[in-house]
Amino acid sequence: MNIQTVETTPIAGQKPGTSGLRKKTAVFMEPHFLENYVQSIFDGIGGVAGKSLVVGGDGRYYNESAIQIILRMAAANGAAKIIVGQNGLLSTPAASHLIRLNGTDGGLILSASHNPGGPNADFGLKYNTPNGGPAPENITDKIYQATTTITAYKIAEAHDVDLTTPGQARIDTMLIEIVDPTADYIALMEELFDFPALKTLFASGFTMAFDAMHAITGPYAHAILEDRLGAPAGTVLNGTPSPDFGGGHPDPNPIWAKQLVDIMMGKNAPDFGAASDGDGDRNMIMGRGIYVTPSDSLALLAAHARCAPAYERGLLGVARSMPTSGAVDRVADKLGIPAFETPTGWKFFGNLLDAGRVTLCGEESAGTGSTHVREKDGLWAVLLWLNILATTRKSVADMMAQHWAEYGRNYYSRHDFEDVDADKAHALFSTLRDKLPSLAGQSFGPLTVSSASEFAYDDPVDGSHSAAQGLIINFDGGARAVFRLSGTGTVGATLRLYLEALQTDPAALHQDPQVALADLIAAAHTIAKIQGFTGRAAPDVIT
Ligand code: VG1
Ligand code: CO
């Protein structure tokens with residue numbers, strides 16, 4: 001094998017964010033950009049000589065070319081084996097499963113998830129560790145360090161590997177196993193859930209719409225929902241992945257999955273609706289005439305998980321990211337199991353899952369998952385919901401009404417101010433941070449601040465400390481506003497404002513969340529001077 005050692009210099013800005021490195025596709029395609037980052041991953045994890053890795057992506061523009069480069073670099077760096085999805089495709093949860101199933105030394109996932117794809121949109125790459133989960137900060141720090149000192153990368157001179165059919169290939173001595181991206185994942189789902197009960201549910205006339213948003217879950221959803229479970233053809237919408245996700249944002253929320261929302265809110269809506277994101281790790285849940293917030297979905301799944309065979313013995317504990325509502329904590333209380341609060345990003349759940357401290361975890365951004373992999377998993381959440389509905393035979397709306405009546409309702413909303421000038425966003429943030437100690441006792445409209453702090457996390461398993469994970473303002477009565485800057489964007493800054501208020505009055509459980517949260521929204525704007533700093537009076541996206 002001819003190995004080229006290409007001299008290079010560090011490229012600024014290769015610092016992984018909430019979930020790997022995300023940049024404009026054109027930036028990833030600049031000379032040496034991808035190669036520098038891949039070599040830095042390899043160097044940051046102590047080299048890949050003799051190791052095996054899983055490689056796959058969400059099929060966005062540049063996916064396959066990037067994989068060909070990664071294969072040649074892995075061979076040049078002495079890797080023993082690469083397991084790659086057919087046509088370079090793997091959903092994020094399927095990649096996580098393959099890493100675990102095959103005991104590989106981790107994997108590379110090519111995705112910018114919910115960010116749009118295409119030559120003028122976004123691309124991303126992240127390293128997952130041998131447990132199948134996104135690399136924790138101590139490893140991403142090493143990778144970043146390597147990007148700042150890199151002097152050369154290695155790449156084999158080889159032809160493109162044909163990834164179109166499952167089978168084996170080689171670059172010199174490195175074995176490349178090309179696998180069906182869906183097969184092992186489907187087998188796992190079949191172990192976790194009661195497929196015969198789900199078949200019976202669909203056979204009884206239960207109807208569903210699943211919006212794959214032109215992204216990676218299309219093939220998985222077709223195979224599971226329609227082929228295995230007998231849902232009628234047409235249940236899966238937008239089920240053929242396209243490199244630019246049909247020109248849309250593959251972000252499963254009421255704004256970007258509007259087609260599904262219109263169906264579910266319209267006449268003759270199906271019983272159940274769901275959508276997933278670019279790389280298949282998120283889920284949006286709807287019922288006929290109702291949108292279920294991800295925080296509520298997590299709480300409901302925790303309350304009823306025992307309906308599914310995989311969880312029939314109960315849950316060890318639950319975890320949620322800090323900005324996610326406390327709805328699941330109330331369920332945990334009742335179940336008598338621990339509830340953990342972690343920073344945003346799935347990498348913080350890995351230790352808790354590995355240590356057997358939690359079984360379920362989730363984020364307000366529509367990510368839910370369990371011990372079955374070490375990523376959030378969109379279709380898994382959909383199947384768990386289906387298993388619960390198959391057992392209870394209640395509508396989604398009735399399930400939610402029952403849940404709120406029992407636990408109270410954590411009214412919840414996230415307001416995103418996108419593409420704000422980065423300096424202005426940081427100025428807002430640091431001004432607010434400085435103000436936190438003086439806020440307690442101050443009133444804003446009818447709301448009085450009870451405490452304010454910056455969130456930091458001490459991992460209960462390995463003791464690692466993560467600082468500066470968001471600003472929290474608590475109000476008397478339990479309402480809360482949280483401010484964070486997004487770590488997944490590629491232009492400017494996105495300010496996220498998370499709003500939550502618990503309502504236990506049975507007469508006030510069915511309001512519009514924006515109305516229920518109006519005082520809190522006003523208080524948050526006043527305290528942080530959002531318009532003053534950003535010029536924005538209203539958010540771009542409300543979920
Ligand atoms: C966002 C979400 C976070 C999620 C992350 C990756 O991060 O808020 O909850 O874990 O995306 O999800 P941020 O830093 O932009 O708020 V995925 O499905 O885009 O990999
Ligand atoms: Co995703």
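A residue is called buried when its relative accessible area is under 20%, exposed when that area is over 50%, and partly exposed in between. The legends below describe close-up views of a predicted model.

**Figure 1. The cobalt ion (ligand 2) and its protein donors.** Four residues supply donor atoms to the cobalt ion (ligand 2): Ser113 through OG, and Asp277, Asp279 and Asp281 each through OD. The distances from these donors to the ion run from 1.9 to 2.1 Å. Along the sequence, the donor residues follow the spacing S-x163-D-x1-D-x1-D. Asp277 has a relative accessible area of 0% and is therefore buried, since the cut-off is under 20%. Asp279, with a relative accessible area of 3%, is buried as well.

**Figure 2. Helix α11 and its surroundings.** Helix α11 spans residues 327-335, and its buried residues include Ala327, Val328, Val331 and Ala332. These residues lie on the same side of α11, because they cover an arc of only 140° around the axis. On the face turned away from the buried side, α11 carries the exposed residues Asp333 and Lys334. The cover over the buried residues of α11 includes two helices, α10 (294-304) and α14 (396-407). Strands β15 (318-321), β16 (339-342) and β19 (409-420) also belong to this cover. Gly336, just after α11, takes a positive phi of about 70°.

**Figure 3. Asn63 in helix α3.** Asn63 belongs to helix α3, which comprises residues 63-76. Its relative accessibility is 3%, so Asn63 counts as buried. Leaving aside residues up to four places away in sequence, Asn63 touches Gly57, Asp58, Asn87, Gly88, Leu89, Leu110 and Phe123. Leu89 is 26 residues from Asn63 along the chain, and the C-alpha atoms of the two are separated by 8.3 Å.

**Figure 4. Positive phi at Asn268 and at Arg393.** Most residues other than glycine have a negative phi. Asn268 has a positive phi, near 55°, and is found in the loop between α9 (258-265) and β12 (272-276). With a relative accessibility of 77%, Asn268 counts as exposed. Arg393 likewise has a positive phi, near 55°, and is located in the loop between α13 (378-392) and α14. Its relative accessible area of 48% makes Arg393 partly exposed.

**Figure 5. The largest cavity.** The whole structure contains four cavities of 30 Å³ or more. The largest cavity holds about 250 Å³ of space. It is lined by 26 residues, and those closest to its centre are Thr18, Arg282, Thr344, Ser365 and Thr488. The lining of the largest cavity is made up of 13 charged, 10 polar and three nonpolar residues.

**Figure 6. The second largest cavity.** About 130 Å³ of space is found in the second largest cavity. Among its 15 lining residues, Asn253, Pro294, Glu364, Ser365 and Thr543 lie nearest the centre. Strand β19 gives the most to this lining, with three residues. By class, the lining of the second largest cavity has six nonpolar, five polar and four charged residues.

**Figure 7. The largest pocket.** The largest pocket offers about 970 Å³ of space. Its lining has 35 residues, of which Gly17, Thr18, Leu485, Ser486 and Gly487 are the closest to the centre. At least two residues of the lining come from each of β2 (21-24), α5 (137-149), α15 (422-439), β25 (480-485) and β26 (493-503). Helix α15 gives the most to the lining of the largest pocket, with five residues. The lining of the largest pocket comprises 16 polar, 10 nonpolar and nine charged residues.

**Figure 8. The second largest pocket.** The second largest pocket contains about 390 Å³ of space. Of the 23 residues that line the second largest pocket, Pro116, His249, Glu418, Gly489 and Thr494 lie nearest its centre. Strands β19 and β26 each supply at least two residues of this lining, and β19 gives the most, with four. The lining of the second largest pocket divides into 10 polar, eight charged and five nonpolar residues.

How values were computed. Residues numbered from 1 in each chain as written. Chains lettered and ligands numbered in written order. Predicted model: local features only at pLDDT ≥ 70, side-chain atom pairs only at ≥ 80, totals over all residues. Heavy atoms only, no water. Donors = N, O, S within 2.8 Å, 3.2 Å for Na, K, Ca; no water. Buried < 20%, exposed > 50% of the residue type's maximum accessible area, 1.4 Å probe, protein only. Arc of directions from axis to C-beta. Contact = heavy atoms within 4.5 Å. 1 Å grid on protein atoms, 1.4 Å probe; cavity = no way out; pocket = protein on both sides within 12 Å on 5 of 7 lines; lining within 4 Å. Points joined across faces, edges and corners; volume = space filled by probe spheres on them. Nonpolar A, V, L, I, M, F, W, Y, C, P; charged D, E, K, R; others polar.
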